[in-house]
Each structure stands twice: as structure tokens, then as C-alpha cells.
Amino acid sequence: MIQSAVTISLVPEARGGPFVFRGDLPQNCARASALGFNAVEIFPRSPDSINAKELQGLLRDHNLKLAAMGTGAGWVVHQLRLTDPSSQVRARAKDFVASLVDFAAAFGAPAIVGSMQGKWEADVSREQAIEWLREALDSLGPRAHSAGVPLFFEHLNRYETNLVNTVAQGLELLAPLRTKSVKLLCDLFHMNIEEQDVAGSLREAGSTVGHIHFADTNRRAIGYGHLDVKPIATALHEIGYSGFVSAEIVPLPDGDSAASQTMRAFNQFFRGDHSC
Ligand code: LER
Ligand code: MN
């Protein structure tokens, strides 16, 4: 069954980012639970910046799951990328993602490689960057697999990377990998910019879809933009998707309103509540 999740960012440097809740993990877990979410998706500054025992207690007390853990702070805070021209920076980037793979896996959750994919620029060709990215995924995927979870790779829109923008490019990236543990994270906001047919692309990805960022066209809560959600929800049901739809959206007009609107949309499209 498809379940709901909401984002909490613990990265002060990502203040302007698309996160419903920011800081104060205890308060925001309580909010997520009170609004009826099944899970939280957390963006930590680093694995050591978050107390695993405290998180375990909060998830238990609020009956929440950890849906996934973002690794974007590796780029935003530490300027690390898996396709950086420097082999030392690439190695540190891989270590950073690996440490979050391990941390999240202890909660049964996958880590996300999104902005850590970097971009190709200057003397680095696209082919070279893709090769480095595949090498990294082929080492991180088995690490996640041995801890019992997949690893999520997120294709981003053209204003964030020039490396992997579409589902088709994501599938092409993953096809030659030795690991089969890397799944696509399909963010409806990025897809709205890049795909010709969002529902069709989800069908094309099929069982490779591992996670959904549930966002409207303007990156606000679903229903606050002009996305045609019905065919997307139908496609997710048709491909047998049973992961999370997670609100990675701007907190407008405020976090609580954006989260409440997300729950209304979630209940409408995934729980058959037609009263909204
Ligand atoms: C991360 O999930 C994402 O979608 C990026 O756009 C954040 O910069
Ligand atoms: Mn996203």
C-alpha cells in the first residue's frame, strides 16, 4: 500500500530548500504524526549530527517510519560530489553517502543520491562523469543491499544538474550497473519540467520506481499548483508501486498548511477520499 511521508530538514544552510518542516526534530515528528503521516523523510547535516537513539525514540513514540534520508548536505554544506574532477573529493563524497546509507539502513530506510550526483563541466566530459557516477552507485548499491535496503537515485531538473534529468536517462544510467539495488526517486516537480508525459514515464520505469517526491508543478503542496494528479496516481497503482509519496515541497503559506494540504491530497488520490 502506498504510504505518506513529509520532509524535515536539519540543515540550516538549506534554509531556502523545498522542505515542509525545518529543525526541531521532536516538534516536527509530533506535527507529522498529528497530521496523520505514516513517515518522515529526514535531511541531516551529517550522520554524526543526528542522535540515532533520540530518532528511534521519536519514531516509536509518534508511530512514524523513516521513509528515506537525503544526502544533499554533502553538496550544500561540504561541497562534495560523486563526479567531482578531484579523485579525493569523489572519495570523500562516496564516504559521506556511505555513512548515511549505513545510518538510514539501521532504521530500514534507504538513502538518496540527488544533488550529490554533481554535474559535468570544465574538463570533465558527460561520459566521464557518468562513468564515475556508475562506479559510485556500483559500490554504494551493494552496501545498501547488504543492510537490507535499496539506494535511491534521483534525476533532477536541468537547472540543478546537466547529468541525469529524465526517467529515460535514469534508466540508461542504471541499466549497466552490476548492482540491482539502485531504484529511481521520481520527484514530480522535476518530472513536470523534464518529462513529456509524467504518468507514461512512471509506467516506463515500472518496478524501478523506488520513491516519489510528491510535489505540484510550482513545488507547492499537491493541489496548490496545476498538476494533473489523477493519471499519475493511476500509473503508480498500475505499476504496483508500494513505497512512499513524500512531500518535498516549499512550506507555503507555512509548513503546517502545506502538510495539511498534502494529507488532503494523499487521502483523495491514494485512499479514495472524494470529499475533498
Ligand atoms: C532533492 O530531493 C531535490 O529534489 C533537489 O531539488 C533539492 O535541491
Ligand atoms: Mn526531490
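In this predicted model, strands E1 and E2 (residues 21–22) run parallel and are joined by 2 bridges. Within this pairing, Ile 8 is placed opposite Phe 21 of E2.

E1 also pairs with two other strands. With E3 (residues 39–43) it runs parallel and shares 5 bridges; with E9 (residues 244–247) it again runs parallel, through 4 bridges. E3 in turn is joined to E4 (residues 65–70) by 4 bridges, and these two strands are parallel as well. The table lists the pairings.

| Strand pair | Bridges | Direction | Residues facing each other |
|---|---|---|---|
| E1 and E2 (residues 21–22) | 2 bridges | parallel | Ile 8 and Phe 21 |
| E1 and E3 (residues 39–43) | 5 bridges | parallel | Thr 7 and Glu 41 |
| E1 and E9 (residues 244–247) | 4 bridges | parallel | Gln 3 and Phe 244 |
| E3 and E4 (residues 65–70) | 4 bridges | parallel | Val 40 and Leu 66 |

Ile 8 has a bridge partner in E3 too, namely Ile 42.

**Burial of E1 and E3**

Side chains in a regular strand alternate between the two faces of the sheet. In E1, one face carries Gln 3, Ala 5, Thr 7 and Ser 9, the other carries Ser 4, Val 6 and Ile 8, and all of these are buried. Strand E1 (residues 3–9) is largely enclosed by the rest of the structure because 7 of its 7 residues are buried.

E3 is mostly covered, with 5 of its 5 residues buried. Ala 39, Glu 41 and Phe 43 lie on one side of E3 and Val 40 and Ile 42 on the other, and both faces are covered.

**Glu 41**

Glu 41 belongs to strand E3. What is the nearest side chain of opposite charge to Glu 41? That side chain is Arg 219, 9.2 Å away; Glu 41 has no salt bridge, although it is buried. Beyond its neighbours within four places in sequence, Glu 41 is in contact with Val 6, Thr 7 and Ile 8, and also with Ala 68, Ile 112, His 211, His 213 and Ser 246. Of these contacts, Thr 7 is the residue that stands opposite Glu 41 in the pairing of E1 with E3.

**Aromatic rings**

The count of aromatic pairs comes to 4. One of them joins Phe 19 and Phe 43 in a tilted arrangement, with 4.6 Å from centre to centre and 50° between the planes. This pair links distant parts of the chain: Phe 19 is in the loop between E1 and E2, Phe 43 is in strand E3, and the two are 24 residues apart. Are these rings buried or exposed? Phe 19 has a relative accessibility of 8% and therefore counts as buried. Phe 43, at a relative accessible area of 9%, is buried too. The cut-off applied in both cases is under 20% relative accessible area.

Elsewhere, ring pairs connect Phe 214, Phe 266 and Phe 270 into a cluster. A ring is also involved in a contact with a charge: the charged end of Arg 90 sits over the ring of Trp 132, at 3.6 Å from its centre.

Methods:
Residues numbered from 1 in each chain as written. Chains lettered and ligands numbered in written order. Predicted model: local features only at pLDDT ≥ 70, side-chain atom pairs only at ≥ 80, totals over all residues. Heavy atoms only, no water. Buried < 20%, exposed > 50% of the residue type's maximum accessible area, 1.4 Å probe, protein only. Pairing = 2+ DSSP bridges. Lys, Arg positive; Asp, Glu negative; His and termini not counted. Salt bridge = Lys/Arg side-chain N within 4 Å of Asp/Glu carboxyl O. Contact = heavy atoms within 4.5 Å. Phe/Tyr/Trp six-rings, centres within 6.5 Å; stacked < 30°, edge-to-face > 60°. Lys NZ or Arg CZ within 6 Å of the ring centre and 35° of its normal.
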